Number of protein chains: 2
Amino acid sequence: MTSARPPAMEDPVYAEAVVDLLGAVAYGEISAFERLAQDARMAPGLADKGELARMASVEYTHYARLCDYLTDLGADPVAAMEPFREAFDDFHARTASSDWLEGLVTAYVGDGLAADFYTEIAAFLDPETRTVIIESLRDAGNAEFVVDRVRAAIARDHRVAGRLALWGRRLMGEALTQAQRVAADRDALTALLTGGVDRPGLDLAAMGRLFTRLTENHTKRMENLGLDA
Amino acid sequence: MTSARPPAMEDPVYAEAVVDLLGAVAYGEISAFERLAQDARMAPGLADKGELARMASVEYTHYARLCDYLTDLGADPVAAMEPFREAFDDFHARTASSDWLEGLVTAYVGDGLAADFYTEIAAFLDPETRTVIIESLRDAGNAEFVVDRVRAAIARDHRVAGRLALWGRRLMGEALTQAQRVAADRDALTALLTGGVDRPGLDLAAMGRLFTRLTENHTKRMENLGLDA
């Protein structure tokens, strides 16, 4: 515990939720590192391979920053990540890319979805923690590169679009499945969103609107790629 | 071509050799990135996984710096790396780690050998290029971590030492095979070492001494790990 510990952390329920959230984001980043590095092997050329390696390297940098912040809070980063390991690993196992283009869509659509979701949650956090989370979600420059490559592939062979549209829907479905599993498991984290006796949160209607925003952004990303959501 | 181009690059044979060398080092770094990221998947725990991801990320940073420097010289990084692709890919295919400890030994022994070799060559380079090469070889902090993990594994089960000693010899053998193949293929690069009409180089005796230094350092690294070379 250092002077970096925000005063809000004195509330043990809040502190537990923040450690949970940071653990989830950190494990998401190291998983994204592994996935991007793995998908880099399928790159059609050295320039594309380097681009995925760059993205992976950015994810690692975010991961390291989150681990440092967890340590500053007096938490053990490995213990904080552990509860999220199974859900993230299952997500990645169920959505392992079978080719280069699927990997690109996951990098853009999956990361975008995660970033939207954590940004919504960040609104309920103390300023220090919020800043750390938001900075760790900063786009690694995936968007422009992926959109360019996927659109070019569709221009070469329009049948690619149907296959990748299905892939995008599968990503969304698997992400929701795992998110529900985490929510059912981690009461403190869920309470961050739904509020508590003396903390504001989202009621059912607000939860519905959040879900609508996530879905709309997902649809927009799919459209950017030239895909039906 | 920018103002960064060192005057020595006006000699076309030297320029060709430098582009070759930078291409070889850069491809080595991106290969190391891929290998470390791959081996991270075998990590026994999250902390170890993070450590390999960190090393991979450092290799990527070096790679990006070398590509930038190649571009500054007016060379195309992808074209510069291409001639070395097969030899490095073959090396990595022939030495794919079958477990976590083999991966660690490769990270330490393989990187160390490459760094020693390029450092020797760097002595024949113009100061700007030498600095770029030397900085890209800076140890990513692999040494201490690997020595600690390998020694601990041997302490737990001394039979591990025999297997890993064989592994280290295999790495050395495969590295020499591929280095010879590159030397036979790339005349300009080889001429950097052996010299030319108006450029000093190593005669056969000096070449022998270089080889002795490389072998001695390899033996020292194996000893650090608690292994017979």
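Visitor: Axes are lines fitted to C-alpha atoms, for helices over the stretch in contact, and angles run from 0 to 180 degrees between N-to-C directions; so at what angle do α4 (100–122) and α5 (127–136) of chain B pack?

Guide: In this predicted model, α4(B) and α5(B) pack at an angle of about 170°, with their axes 10 Å apart. The two helices are therefore roughly antiparallel to each other, a label for angles over 145 degrees. Helices here are DSSP runs of H or I with at least four residues, numbered from the N terminus.

Visitor: Which residues make that contact?

Guide: B:Tyr118, B:Thr119 and B:Ala122 come from α4(B), and they meet B:Arg130, B:Ile133 and B:Ile134 of α5(B); residues are in contact if their C-beta atoms, placed from the backbone, lie within 7 Å. By class there are 4 nonpolar, 1 polar and 1 charged residues, where Ala, Val, Leu, Ile, Met, Phe, Trp, Tyr, Cys and Pro count as nonpolar, Asp, Glu, Lys and Arg as charged, and the others, Gly among them, as polar.

Visitor: Any notes on numbering and cut-offs?

Guide: Residues are numbered from 1 along each chain as written, while chains are lettered from A and ligands numbered from 1 in the order written. Local features need pLDDT of at least 70 and side-chain atom pairs count only at pLDDT 80 or more, whereas totals for chains, interfaces and linings use all residues.

Visitor: Fine, on to the dimer: how many residues of chain A touch chain B?

Guide: There are 22 residues of chain A in contact with 22 of chain B. On the chain A side, α1 (12–40), α2 (46–72) and α3 (77–94) each give two or more residues, and α2(A) has the largest share, with 13. That side divides into 14 nonpolar, 4 polar and 4 charged residues.

Visitor: And how does α2(A) sit against α2(B)?

Guide: Their axes are 9 Å apart and the packing angle is about 135°, which makes α2(A) oblique to α2(B). Among the residues in this contact are A:Ser57 and A:Tyr60 of α2(A), with B:Ser57 and B:Tyr60 of α2(B).

Visitor: What turn lays one copy on the other?

Guide: A turn of 180° with a shift of 0.0 Å along the axis lays chain A on chain B with an RMSD of 0.0 Å, after least-squares superposition on C-alpha atoms of residues with pLDDT of at least 70 in both. That is the relation of a two-fold axis. In chain A, the C-alpha nearest the axis belongs to A:Ser57, 2.4 Å from it.

Visitor: What confidence does the predictor give?

Guide: Chain A averages a pLDDT of 91, with 97% of the residues scoring at least 70, on a per-residue confidence scale from 0 to 100. Among the elements of chain A, α8 (187–194) has the lowest mean pLDDT, 84, and α2(A) the highest, 96. The complex gets an ipTM of 0.81 and a pTM of 0.87.

Definitions and conventions: Two residues are in contact if their C-beta atoms, placed from the backbone, lie within 7 Å. Angles under 35 degrees count as roughly parallel, over 145 as roughly antiparallel, 65 to 115 as roughly perpendicular and the rest as oblique.
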